[in-house]
Amino acid sequence: MELEQARQYVADMQKEQEYERRRHRPTANDNMESEAKSMIRVWTFWCDDCQEDFRGLAFKTSHQLFGATIAVYRCQCPYCDKWAVRHITHRDEDFYFYKSSKIRKDRNMFKNDMLQPDDLGFRNCYGRPDLVEENRRVSAACRRYEAELDKGFHPVI
Ligand SMILES: [Zn+2]
């Protein structure tokens, strides 16, 4: 009986340890922060004041906010000396991706290739491919009609 109680105690303790291990495991943001280098020679930034993209030496800065790790790369703008920031963690909140003209240009590079028939601008690029067959049929009928006119037949209307 005592052996059974001891086994149950050990099983409960192991279960509790496993629960604690899972509770304290590093989050994805913690992993991103720990894997990021403390300094990067060249990284792209966006300066709000100059409205310019620039590349420069980036330094990592980490903060703790309510237990969450927030890490950013900082770089000084070469034109106005203001500090620009890029997120290492929480990348979905990095405004660089919304503001940078370089990113905007990259996104629109293949815009015309990706146009779908219902999209605005499709007809300007590709015309009306759905009417090509119909146009061919109509022009063939016109040619036949003109050929009949040349032979002397007159249409009956
Ligand atoms: Zn600037």
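This report walks through the overall fold of a predicted model and then turns to two residues with unusual backbone angles.

**Overall picture**

The protein chain contains six helices and four strands. If you follow the sequence, the elements come in the order α-α-β-β-β-β-α-α-α-α.

The chain is far from a globule in its dimensions: its radius of gyration is 34 Å, while a compact globule of 157 residues would come out near 15 Å. Along the principal axes, the C-alpha trace extends about 115 × 65 × 25 Å. As for burial, 6% of the 157 residues count as buried. Contacts that link distant parts of the sequence are present too: of those between residues at least 6 apart in sequence, 42% join residues at least 24 apart.

**Two residues with positive phi**

Which loop holds Q51? Q51 sits between β1 (39-47) and β2 (52-65). F66, in turn, belongs to the loop that connects β2 and β3 (68-76). Here are their backbone angles:

| Residue | Phi |
|---|---|
| Q51 | near 55° |
| F66 | about 50° |

Q51 is not a glycine, yet its phi is positive, and the same description fits F66, also a non-glycine residue with a positive phi.

Are these residues buried or exposed? Q51 is exposed because 9 other C-beta atoms lie within 10 Å, and the cut-off for exposed is 12 or fewer. F66 has 5 C-beta neighbours inside 10 Å, so F66 counts as exposed as well.

Methods
Residues numbered from 1 in each chain as written. Predicted model: local features only at pLDDT ≥ 70, side-chain atom pairs only at ≥ 80, totals over all residues. Helix = DSSP H or I, 4+ residues; strand = E, 2+ residues; numbered from the N terminus. Buried ≥ 20, exposed ≤ 12 C-beta atoms within 10 Å, placed from the backbone. Rg over C-alpha atoms; globule rule 2.2 N^0.38 Å. Contact = placed C-beta atoms within 7 Å.
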